Amino acid sequence: MSVLTVENPFTRTEIGEVPVNDWSVADTWLERAQALHRNRAKWLPAYQRISILKRTAELMRERFEELAFQIANEGGKPLRDARIETERAIDGVALAVSELLHLRGTEIPMDLTKAGSGRMAFTRREPTGPVVAVSAFNHPLNLIVHQVAPAVAVGCPVIVKPADDTPLSARTFVDILYEAGLPPEWCTFFVCDIPTAERLVTDPRVGFFSFIGSAKIGWMLRSKLAPGTRCALEHGGVAPVICDETADIDAMLPLLLKGGFYHAGQVCVSVQRVFAPRTMIANIAARLAEAASHLVVGDAVEEKTDVGPLIRPREVERVAEWVREATDQGGQLLAGGAPIGATAFTPTVVLEPPSTCRLSTQEIFGPVIAVYGFDDLSDAIRQANALPFAFQAAGFTKRLDVATRLIHELDATAVMINDHTAFRVDWMPFAGRRLSGYGTGGIGYTMHDMTEDKMAVIRV
């Protein structure tokens, strides 16, 4: 059996390894998962699933610093942010327990017509079947929790395929589930090559496919799913922020800084495009650049680090190429714009890049913010909505009419007013529109998607 070597993305030193499995292993696990789902006598009762998840949260709390360090070490997220991710992951497991109270059926009135009279009917929610969860690197613990804890909560067997760059956090979470009492056949950690992963995802025994990653891969896999397989896809965006002349700039700048440079911009709703009145952009961009220049870039496991590395050296090269393109075509580089060695990139601010360059039209997934001027709010909204991506957006204003207009007119699944685009709590709906995704994330929403209605009609 071959192994996958895991490296710290800043130092490129080896920090662990995981076994790589082939199709014969996946086939065995899928067969086992399907058999579990079909044998209702083996379904875990709700009280047992609740007990397992509660114990899981307790064990995670006991290992808090270990989990946070592992996130920073394998994923490059600064330790202070890795601790926040760990806290969210623990809360997410607890949230899956509380959401079970809301996962219920409804009574269906039957005597609305003569044909239905003399009967009573109700629905209940049942697990949809084996889940395959394919995850991303940028939140290696919390994303797995969002995909796996709902499956465990509702009683779906689940096979976990983590990102190749960050499998250690996922493996640790699965091991904690086992320690908490989950029988191993209900959750399987699986690392494999790309052809095996595609075969796994598209197998007809899969009941639900959960994917977090690039739009190109997600939509391709969705097109190949077996008939009847349900899915949820979470991709990326090119998040816009619009501020008007009444915006509190002093309050806005730290939020833009956090939203744009958190985890080196490797967040699907990271602040990327900021639109401001033309009379204000020079001041806003200059102050944003000044603040960006003081951020400490380095190894994520060091307490002083504000911005960690990009996940792979080739991503550093790509971000540098996109920034060069933007500045060569007329954008003004105000801060950053240069790699730090092979693994990191300086926090970067570009003023007025052309609307046709990749920085303006595609998700950069790096520590770069572009600032644009507008003369009319309608034009800013048009530019914000011009791309085929639509995820979270934001607006800064003190005017109620502007706030309500932005909420109404911005093409996004969530519009934050006087906050950055990357804000999220784990019980809210979280989803992309158009190229940015399919279905709705969030612990409770995922639990609903991983179950199906069954109706009972009783003649009385």
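**Helix 5 and the spaces inside the model**

Right after helix 5 comes Gly155, and its phi is positive, near 95°. Keep in mind that this is a predicted model. Helix 5 is a good place to start the tour.

This helix runs through residues 142-154. Helix 5 has 13 residues. From its first C-alpha to its last it reaches 18 Å, close to the 18 Å expected at 1.5 Å a residue. Look along helix 5 for a bend. A kink of about 25° lies at Val148. The proline Pro150 follows shortly after. Now check the surroundings. Buried here means under 20% relative accessible area. In helix 5, 13 of the 13 residues are buried, so the helix is largely enclosed by the rest of the structure.

Next, the closed spaces. How many cavities of 30 Å³ or more are there? The count comes to 5. The largest cavity holds about 190 Å³ of space. Its lining is made of 18 residues. Closest to its centre are Ser210, Ile212, Glu234, Gly441 and Thr446. Helix 5 returns here: together with strand 8 (208-212) and strand 9 (230-234), helix 5 is among the elements that give two or more residues to this lining. By class, the lining of the largest cavity has 8 nonpolar, 8 polar and 2 charged residues.

Move on to the second largest cavity. About 90 Å³ of space lies in it. Here 15 residues form the lining, and Pro240, Phe389, Ala390, Phe391 and Asp411 are the closest to the centre. Which elements each supply at least two residues of the lining of the second largest cavity? They are strand 10 (239-243), strand 17 (389-390) and strand 18 (392-396). This lining divides into 10 nonpolar, 3 polar and 2 charged residues.

Last comes an open space. The largest pocket has a volume of about 1,400 Å³. Its lining takes in 40 residues. To find the centre, look for Phe211, Gly213, Ser214, Ile217 and Arg312, the closest residues of the lining. The elements that give two or more residues are helix 7 (194-201), strand 8, helix 8 (215-223) and helix 11 (313-328). Which element gives the largest share of the lining of the largest pocket? Helix 8 does, with 5 residues. By class, the pocket lining has 21 nonpolar, 8 polar and 11 charged residues.

One element links two of these spaces. Strand 8 gives two or more residues to the lining of the largest cavity, and strand 8 also gives two or more to the lining of the largest pocket.

Definitions and conventions
Residues are numbered from 1 along each chain as its sequence is written. This is a predicted model: local features need pLDDT of at least 70, side-chain atom pairs count only at pLDDT 80 or more; totals for chains, interfaces and linings use all residues. Side-chain values use heavy atoms; hydrogens and water are left out. On a 1 Å grid over the protein atoms alone, a cavity is a set of points where a 1.4 Å probe fits but cannot get out, and a pocket is an open set with protein on both sides within 12 Å along at least five of seven lines; lining residues have an atom within 4 Å of a point. Grid points are joined across faces, edges and corners, and a volume is the space filled by probe spheres set on the points. Helices (H or I, at least four residues) and strands (E, at least two) are DSSP runs, numbered from the N terminus. Ala, Val, Leu, Ile, Met, Phe, Trp, Tyr, Cys and Pro count as nonpolar, Asp, Glu, Lys and Arg as charged, and the others, Gly among them, as polar. The expected span of a helix is 1.5 Å times one less than its number of residues. The bend at a residue is the angle between axes fitted to the seven residues ending there and the seven starting there. Buried means under 20% relative accessible area, exposed over 50%, partly exposed in between (1.4 Å probe, protein chains only).
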